[in-house]
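Trainee: Got a minute to go through this one with me? I'd like to see how you reason from the picture.

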Amino acid sequence: MANNRSIVPLILGVVLVLLGGLFLAINVYGVDLEWLQVIRIAIPSLLLLVGVLKLVRHYTWDAPRLQEEPAKGSLLGGIFWTAVGVLGLLDLIGVLDFFSFFGSYWPGLLILFGIGKIVDFYRFSGGLQFRAGEVIGVLLLMLLGFVSGKIGGLDPGIRAFADLPHHLVFDDEDRARSRVESHQETSAAGVEAVRIENRFGDIEVESGLAEKIDVGLTAVVRGESERRAGEIGRKVQLSLQREGKLVKIGTNRADFQDRHYPLSTHFRILVPKQAQVTVDNENGSVTVQGLNSAVQVSSSYGQITIESITGSVQAKNRYAGTTVRNVKGDVSVENRRGGVRIESVTGNVKAGTDYETVHAEHVEGQLDVTNHFGHVHLRSIQGPVTIKSPGSGVDIANITKPVLIENSHKAVRASELADSLELDTSYGSANLSKIDGTVTVRASHSDISARDIKKGISVQGSGSKVALSQIDGPVKIATSLQRVALDRFKGPADVQNEYGEIIMSPDTPLGGTLVASNRNGEITLALPPDVSCRLSAQAPGGEVESEFGQAERAEKSQMFEQTLGGGKNEVRLQTTYSRIRIRKSD
């Protein structure tokens, strides 16, 4: 007899306990929650729970009950909702982008569903049939996968509404406002470092007099009652604490938490030019400028701007942009879902973000960039460059030292490079031009084009299309399934392909041996009339057609050998089960 016990009361009981504890914490302990974030956590968690329950039912119920209540123990539904819940939580903590990841890897759910059906076949001895609802579910899954892929390619800003903090999304400009200003100074004698801590407010730090630290505070309170807002604002006081050579700047705002009267505290601080500055802020912008010392800034939901600094710079931000310019020293920027802009830096630079753009120009030292599902734009970099940017577009130009790029799924554009380029890409495209050093490309299912390469190029690919032109130096290409076109080069060259066409049009005089080998793909070679080479072509299972026959007419055979001009260089062509064409170029 089937077990008809329902798990619904258990689920409702757990939900009620969690809701009761949440509201108890709010009412008794005054916990201030960002409800939008709570909802964003709750939705994928609920979907994950639904998916797990379906999977548990599917693998604990017998065949008759699964046929009687197919929706409750749906294998496809369990896999789908579990995956959606897990990906939603991973998206929330910034590990991946839901739409981009699901749009790329949704076929994995079909694989898991297929494995599950195979297990069911042996588990129930073929007694559990494939239902029409499952067919419809598979079609809907495919549709959702394609749609997610398209959404994943949109500008992340279009999808970022839910990432904003609750108080910024739903702030009411019409509420009463109280603005209270205060000012305080302290001696800077013996001070080497200044630390500023704040939450919900903007901070401005500039160089001031050498003998003192000048702090201005503006407390802004909003609420239904202007009188009550004023009372809270007047209670907020500056805090300047001296600990040896360190001065800590903050407020007593933690003593006046009232979720009905949001409080923001804004600083304007003047410090000695030589003082090291550390800023720890949340939900506000930070500006630091004009210092001859190290600067460290941490913030969220607010723009960070650091400029005119002589010393090292470290910046961490979330959900807002970061700009660093005119720095004589090393720079490190870590961002999450916020753009990064670096300008005029004499030292080394490390910059990282996701879903947004990293823009850097006029950097004299080494540059390391990481980005996920965003864009990288670099100009005028004098040091070595390393870019790791899965799912991101890359556009670089005017780079002096070697460049290493690891990329996928988006386009790479590189031009005016004075040294070598090493590119590892997949499921994207690359447009390379005006490169003075050697070029090495490893590509999977990509479209590679390059022109005006001075010291040769090597392309190791699979399922990748290759188009090269104006290549000086050695050429080595190995790919499959796609066309290879090589134009305006002198060699030496070694081209290998499978199930794809090879087209070669060299210039004269040849610079070395030309070798083209193909498997089940055509080879077309266009030679200038004044070429000097020893030409051999073999096409077992196919044919060789040449315009260099003795009677100046096309000759066809499975093998062709001829010495042209003085026979200075060697040209070897070979394919199987296809055709080789040798023609005269204009």
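Trainee: Which residues of helix 6 are buried?

Mentor: Keep in mind that this is a predicted model. To count as buried, a residue needs under 20% relative accessible area. In helix 6, that picks out Leu109, Phe113, Gly116, Lys117 and Asp120.

Trainee: And within what arc do those buried residues fall, seen down the axis of helix 6?

Mentor: Look along the axis and you'll find the buried residues line one face of the helix. On the other side, Ile111, Ile118, Phe121 and Tyr122 are exposed. The buried ones line one face because they fall within an arc of 100 degrees.

Trainee: How far apart are the end C-alpha atoms of helix 6?

Mentor: Helix 6 covers residues 107–123. With 17 residues at 1.5 Å a residue, the helix should span 24 Å. The model agrees with that, since the end C-alpha atoms are apart by 24 Å.

Trainee: Which helix gives the most to the nonpolar patch?

Mentor: The patch takes up about 460 Å² of surface and is made by Tyr59, Ile111, Leu112, Ile115 and Val119. Four residues come from a single helix, and the one giving the most is helix 6.

Trainee: Is Ile115 buried, partly exposed or exposed?

Mentor: Ile115 is found in helix 6 and has 47% relative accessibility. Exposed would take over 50%, and buried means under 20%. So Ile115 counts as partly exposed.

Trainee: Over in strand 11, what does the side chain of Glu307 make a polar contact with?

Mentor: Glu307 is buried, with a relative accessible area of 18%. Its side chain has a polar contact at 3.4 Å, and the partner is the side chain of Arg325.

Technical notes: Residues are numbered from 1 along each chain as its sequence is written. This is a predicted model: local features need pLDDT of at least 70, side-chain atom pairs count only at pLDDT 80 or more; totals for chains, interfaces and linings use all residues. Side-chain values use heavy atoms; hydrogens and water are left out. Patches are made of residues with over 30% relative accessible area and no salt bridge: like charges are joined within 9 Å, nonpolar side chains (Val, Leu, Ile, Met, Phe, Trp, Tyr) within 5 Å. Accessible areas come from the Shrake-Rupley method with a 1.4 Å probe; for residues, only the protein chains shown count as cover. A salt bridge is a side-chain nitrogen of Lys or Arg within 4 Å of a carboxyl oxygen of Asp or Glu. Helices (H or I, at least four residues) and strands (E, at least two) are DSSP runs, numbered from the N terminus. Buried means under 20% relative accessible area, exposed over 50%, partly exposed in between (1.4 Å probe, protein chains only). The expected span of a helix is 1.5 Å times one less than its number of residues. The arc is that of the directions from the helix axis to the C-beta atoms. A polar contact is a pair of N or O atoms within 3.5 Å; within protein, one must be able to donate a hydrogen and the other to accept it, and residues adjacent in sequence count only if both atoms are side-chain atoms.
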